Amino acid sequence: MKYIREAAVVLAMGVAAAALGQTTHTESTTKHTGAGPNTKSKMETVTGMVKSYDAGKKIVVTGPNDKDYSFDLDDAVTTDPGVAVGQKATVKYTKDTAGNKAVSISGVKGGAMGSMDHSAHAASAAAPTMHSESTTKHTGPGPNTKVKTETVIGTVKTYEAGKKITVTGPKSKDYSFDLDETVTMSGSAVNAGDRVKVTYTKGDNGEKAVSIAPYTAKKVKVKKAA
């Protein structure tokens with residue numbers, strides 16, 4: 001019972017922290033002596049962003065300080081069906097004295113996963129990332145102008161309202177944008193782990209603007225065979 005209570009406390013702390021946009025990593029060893037045989041159980045819990053996930057084989061989660069934690073899934077695994085790359089999850093790994101191992105994976109409510117259904121997770125996992133830069137010149141009536149535009153579609157790595165947002169785009173490259181200029185927000189509040197489209201513009205007169213909007217991959221229509 002002591003082990004169960006400690007495990008519940010550690011897991012609850014990890015989930016609560018993740019709901020606040022934090023990542024956590026804990027390791028504990030619980031020894032049981034008394035009635036019955038002496039036992040020792042090791043537990044490791046990580047809450048972070050799912051970097052890669054191969055059902056039944058392996059999951060990699062990015063935790064605190066951007067460190068990756070890998071877990072083989074060829075043992076007893078309990079998995080939330082909504083777990084997907086780019087979403088927050090809590091992985092709990094246990095190993096007892098006899099060498100028995102178990103892994104449980106659950107989605108984190110309050111992050112990007114809480115209210116999404118499985119089809120939405122699949123779309124998010126398959127959604128592409130993108131980065132583009134362009135320069136638009138205008139000549140003709142009125143003054144000549146030049147506007148530079150940078151667009152990134154990816155996963156929010158960090159977000160500090162009114163200050164800065166960092167988005168992980170293609171090839172896991174991070175793109176950061178200061179938010180002390182004019183910012184336009186579309187949709188609900190931004191959280192780490194959300195998929196977004198960030199558009200940054202700068203005119204030749206020095207004016208800057210940033211827009212942040214939720215991004216959902218377009219559904220691909222599948223034609224039924226005749």
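**Fold and totals.** I counted two helices and 14 strands in the chain. The model is a predicted one, and I kept that in mind for each entry below. I then looked up burial: of the 226 residues in the chain, 31% are buried. For contacts with a separation of 6 or more, I found that 51% join residues 24 or more positions apart. The exposed area of the chain comes to about 13800 Å², with 53% of it supplied by carbon and sulfur atoms.

**Thr-155.** I located Thr-155 in strand 9, which covers residues 145-160. Is Thr-155 buried or exposed? Its relative accessibility is 14%, so it counts as buried, the cut-off for buried being under 20%. I listed its contacts, leaving out neighbours within four places in sequence: Gly-86, Thr-166, Val-167, Thr-168, Gly-193, Asp-194 and Arg-195.

**Lysine patch.** I noted a positive surface patch made by Lys-137, Lys-146, Lys-148, Lys-202 and Lys-208. From this patch I checked Lys-148, which lies in strand 9. Lys-148 has 49% relative accessibility and therefore counts as partly exposed.

**Ser-28.** I placed Ser-28 in strand 1, residues 24-32. At 23% relative accessibility, Ser-28 counts as partly exposed. Which residues does Ser-28 contact, leaving aside its neighbours within four places in sequence? I found Ser-41, Lys-42 and Met-43. For Ser-28 and Met-43, the C-alpha to C-alpha distance is 5.3 Å, and the two are 15 residues apart in sequence.

**Positive phi.** I looked up two residues in the loop between strand 10 (164-168) and strand 11 (174-178). Lys-171 sits in that loop and has a positive phi of about 55°, although it is not a glycine. Its relative accessibility is 86%, so Lys-171 counts as exposed. Ser-172 is found in the loop between strand 10 and strand 11 as well. Ser-172 is not a glycine either, yet its phi is positive, about 60°. With a relative accessible area of 58%, Ser-172 is exposed.

**Salt bridges.** How many salt bridges are there? I get four.

I took Asp-68 and Lys-51 as one entry: their side chains meet in a salt bridge at 2.7 Å, N to O. Asp-68 lies in strand 4 (residues 68-72) and Lys-51 in strand 2 (residues 39-54), so the pair ties together parts 17 residues apart in sequence. Asp-68 is partly exposed at 33% relative accessibility, and Lys-51 is partly exposed with a relative accessible area of 46%.

Another entry is Asp-66 with Lys-157, whose side chains meet in a salt bridge at 3.1 Å, N to O. This pair links distant parts of the chain, 91 residues apart: Asp-66 is in the loop between strand 3 (58-62) and strand 4, and Lys-157 is in strand 9. Both count as partly exposed, Asp-66 at 47% relative accessibility and Lys-157 at 32%.

I also looked at Lys-163, which forms a salt bridge with Glu-160; their closest N and O atoms are 3.5 Å apart. Lys-163 is exposed, with a relative accessible area of 51%, whereas Glu-160 counts as partly exposed at 42% relative accessibility.

My last check was on shared partners. I found Asp-66, Lys-157 and Asp-174 joined into one network by salt bridges that share partners.

Methods
Residues are numbered from 1 along each chain as its sequence is written. This is a predicted model: local features need pLDDT of at least 70, side-chain atom pairs count only at pLDDT 80 or more; totals for chains, interfaces and linings use all residues. Side-chain values use heavy atoms; hydrogens and water are left out. Helices (H or I, at least four residues) and strands (E, at least two) are DSSP runs, numbered from the N terminus. Buried means under 20% relative accessible area, exposed over 50%, partly exposed in between (1.4 Å probe, protein chains only). Contact means heavy atoms within 4.5 Å. Accessible areas come from the Shrake-Rupley method with a 1.4 Å probe; for residues, only the protein chains shown count as cover. Patches are made of residues with over 30% relative accessible area and no salt bridge: like charges are joined within 9 Å, nonpolar side chains (Val, Leu, Ile, Met, Phe, Trp, Tyr) within 5 Å. Lys and Arg count as positive and Asp and Glu as negative; His and the chain ends are not counted. The place of a charge is taken as NZ of Lys, CZ of Arg, CG of Asp or CD of Glu.
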